[in-house]
Amino acid sequence: MSISAEDIKKLKQEVGIAAAQRVKSGMVVGLGTGSTTAFAIEELGRRLAAGELTDIVGIPTSFQASVLGKKYGIPIRSLDDVDRVDVAIDGADEVDPHKTLIKGGGAAHTREKVVDSLATLFIVVVDESKLVDKLGSTFAVPLEVLPMAISPVTRAVEKLGGKPDLRMGIKKDGPVITDQGNMVLDVTFEAIADAAELEKTLNNIPGVVENGLFVGVTDLILVGEFKDGKPQI
Ligand code: 5RP
């Protein structure tokens, strides 16, 4: 049974709020990117304003997360200002049974991988539509690529058996540009047999800044799903 866009939004909200409830006063919090994490950031702001939380700081994984964090009153810091990340909350585009992820639907996977990997506790927040048996079945692997290297990286990825597609903006009048000023190739693979190996292989191509495979990073997955007609986690 397919879930309506409205119901998916409800699940994202439930799961985002549930993740934000796990944050404690004094924590350094990695702020992920995307529509699910946006609900977590909003809830963190609500808890701060209500006095339920004090002294947290947010490390944004994107310009979007930084803007949202500021909007909801979360003090924003950089990795230069802190010596740890206690918890990171971030979404994903696919999650497999080994807790391996594909991320980068928001073109933010490079900074997300830095912040999420540093976290003592990395919480992934997804609705049930993101769960897959095999990675790559619904989503391509995003690569952030230096613009001057787009052509050679495209050829290198094709040699590996991937089908690369330059990500275009909503109006299709130009490529998506990341927060770092790079472009994104979405690479479809017929099958991803070994995600850890593919993650390394892709990052070894000169010109690739980072790819969206997250292997061995996830600590906890919160999944929003409908049970008995009600959103639950
Ligand atoms: C951004 C990401 C997002 O976390 C991912 O695309 C999920 O987004 P959403 O919560 O909007 O479904 O990886 O680069």
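**Briefing: overall form, ligand shell and the α1–α2 contact**

The protein has a radius of gyration of 18 Å, which agrees with the value near 17 Å that a compact globule of 233 residues would have. The model is a predicted one. Its C-alpha trace extends over about 55 × 45 × 35 Å along the principal axes, and the protein contains six helices and 13 strands.

**Ligand surroundings**

- The ligand is surrounded by 17 residues, of which G34, T36, G91, G105 and G106 come nearest.
- Two or more residues of this shell are given by each of the elements α2 (35-49) and α4 (109-118).
- By class, the shell around the ligand comprises 10 polar, four charged and three nonpolar residues.

**Packing of α1 against α2**

- Helix α1 (residues 5-21) packs with α2 at an angle of about 45°, and the two axes lie 7 Å apart.
- Because of this angle, α1 is oblique to α2.
- The crossing in which α1 passes α2 is right-handed.

**Residues of the α1–α2 contact**

- From α1, the contact involves K12, Q13, V15, G16, I17, A19 and A20.
- From α2, the residues met by α1 are S35, T36, T37, F39, A40, E43, L44 and R47.
- The contact of α1 with α2 divides into seven nonpolar, five polar and three charged residues.
- T36 of α2 appears in this contact and is also one of the residues that come nearest to the ligand.

Methods. Residues are numbered from 1 along each chain as its sequence is written. This is a predicted model: local features need pLDDT of at least 70, side-chain atom pairs count only at pLDDT 80 or more; totals for chains, interfaces and linings use all residues. A residue is near a molecule or strand if its C-beta atom, placed from the backbone, lies within 6 Å of it. Helices (H or I, at least four residues) and strands (E, at least two) are DSSP runs, numbered from the N terminus. Ala, Val, Leu, Ile, Met, Phe, Trp, Tyr, Cys and Pro count as nonpolar, Asp, Glu, Lys and Arg as charged, and the others, Gly among them, as polar. Axes are lines fitted to C-alpha atoms, for helices over the stretch in contact, and angles run from 0 to 180 degrees between N-to-C directions. Angles under 35 degrees count as roughly parallel, over 145 as roughly antiparallel, 65 to 115 as roughly perpendicular and the rest as oblique. A crossing is left-handed if the near helix is turned anticlockwise from the far one by less than a right angle, and right-handed if clockwise. Two residues are in contact if their C-beta atoms, placed from the backbone, lie within 7 Å. The radius of gyration is taken over C-alpha atoms; the globule rule is 2.2 Å times the number of residues to the power 0.38.
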